[in-house]
Amino acid sequence: MVDDVFSPLELRETTVRNRFAVSPMCQYSCEDRDGLATDWHRVHLGSRAVGGAGLVLTEATAVEPRGRISPEDLGIWSDDHRDALAPVAEFVKSQGATPGIQLAHAGRKAGTARPWEDGRVLDYDDGGWDAVAPSAVPYPYDDDPTETRKLSRDEISGVVDSFREGARRAREAGFEVAEIHAAHGYLLHEFLSPVANRRDDEYGGNFENRTRLLREVTEAVREEWPDGMPVLVRISATDWIDDRESWDVEQSIRLADRLADLGVDLIDVSSGGIHPDQDIDWVGPNYQTRFAERIGSETASDIAVGAVGGITTGEQADDVIRNGRADLAIVGREFLRDPYFPLHAARDLGREDAIDVPPQYRRGF
Ligand code: FNR
């Protein structure tokens, strides 16, 4: 039987009830810049679970304070952070969805104001901090950036430990899926891409070296994550940069197989973000799905893939799954507009039988 968007997804011993996933989306909503989850996170993520999503992923959750994009981002660098996230995971699970967390480090793109406060690079007086990166090459913001410092080898080991500890705490908080954020020009992608990585030690240069940090982080997270529960990695399949050495789909396919060997279950396939020179040829419905499809079909392993980008209707999400282009339909902005997107999709597709409507809402559906 052909899978559709309402079919459960089995990853290890974890069953995600359908193929709708809430894409990680920063909410910039921690109070006092402390990285602690608030009612906002519980209600925001909880509503999407109520709305029928199968997998609900948190926003990029920083494994170290300096790894936040904005000071108001979520963190998971202490037991207090774990305890603040536990009710979020618990409520999402109580609604039948699978709670997932995106573990992240912003690297050289850390320390910017929230978008509605203009997104500028924060200077020190504004609460900004030095960014760390594979090389001392700042992201070319228009504003004057704070210092971008090259990580030493010891500090790289420290980053691996931070991901390991973050994973342990995330598990203790009740999350069942861990997604490692290696996309969009943040730290792990910066190591992958020669656009940002100019190192000449064993973490820079050839493919093996540029992928080393992500592989070490993956091993550390996998060690902490229960065998029956899945680990996902979000990558940028391409930098969209052709005029210099960069990261591309061929390397992504190679990487996906290496990650499969390390116990990664699904690649969440996004793109871009490493440099403002990126030349994206087209943005529209399913604009990144072709990369997910290629990774899914050209890898030697049977690693699952998630498609993200421009999925806004139930029909589209269903087509992606039915046609075998991806195993998971990961949805960002449409879930901001409509927390009940899966419930609406079920109605649009005449498949109300196939989705969990919370009993409290049944008279409305
Ligand atoms: C994002 N995106 C994002 N991606 C990620 O990996 N971690 C994150 O924390 C965020 N934060 C974030 C915040 C907001 C407000 C938006 C709109 C987007 C990217 C997002 O997950 C998704 O990949 C893109 O939005 C493309 O998918 P859609 O929106 O076209 O479905």
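Modeller: A polar contact is a pair of N or O atoms within 3.5 Å. The model discussed here is predicted.

Biologist: How far is a backbone N or O atom of Gly310 from an oxygen atom of the ligand?
Modeller: Gly310 is among the residues that come nearest to the ligand. The cut-off for a polar contact is 3.5 Å. The Gly310 atom is a backbone N or O, its partner is a ligand oxygen, and the distance between them is 2.7 Å.

Biologist: How much of the ligand does the protein bury?
Modeller: On its own, the ligand exposes 610 Å². The share of that area buried by the protein is 83%.

Biologist: Which residue has a backbone N or O atom 3.0 Å from an oxygen atom of the ligand?
Modeller: Pro24 places a polar backbone atom at 2.7 Å from a ligand oxygen, so under the 3.5 Å limit that pair is a polar contact. The pair at 3.0 Å, again with a ligand oxygen, involves the backbone of Ala60.

Biologist: How many charged residues are in the shell around the ligand?
Modeller: The ligand has 15 residues around it, including Ser23 and Arg333. By class, six are nonpolar and seven are polar. The charged residues number two.

Biologist: Where does the ligand sit?
Modeller: One open space holds about 920 Å³. Its lining has 38 residues, and Pro24, Met25, His184, Arg234 and Ser270 are closest to its centre. The ligand sits in this space, the largest pocket.

Biologist: Which element gives the largest share of the lining of the largest pocket?
Modeller: Strand E12 (328–331) and helix H10 (333–337) are the elements that give two or more residues to this lining. By class the lining has 17 nonpolar, 16 polar and five charged residues. The largest share is four residues, and they come from H10.

Biologist: What is the volume of the second largest cavity?
Modeller: The whole structure has two cavities of 30 Å³ or more. The second largest is lined by Leu9, Leu11, Val16, Leu55, Val177, Leu232 and Leu328. That lining divides into seven nonpolar, no polar and no charged residues. The volume of this second largest cavity is about 30 Å³.

Terms used: Residues numbered from 1 in each chain as written. Predicted model: local features only at pLDDT ≥ 70, side-chain atom pairs only at ≥ 80, totals over all residues. Heavy atoms only, no water. Near = heavy atom within 4 Å. Polar contact = N/O pair within 3.5 Å; in protein donor to acceptor, adjacent residues only side chain to side chain. Areas by Shrake-Rupley, 256 points an atom, 1.4 Å probe, with all protein chains shown as cover. 1 Å grid on protein atoms, 1.4 Å probe; cavity = no way out; pocket = protein on both sides within 12 Å on 5 of 7 lines; lining within 4 Å. Sits in = over half its atoms within 2 Å of the grid points. Nonpolar A, V, L, I, M, F, W, Y, C, P; charged D, E, K, R; others polar. Points joined across faces, edges and corners; volume = space filled by probe spheres on them.
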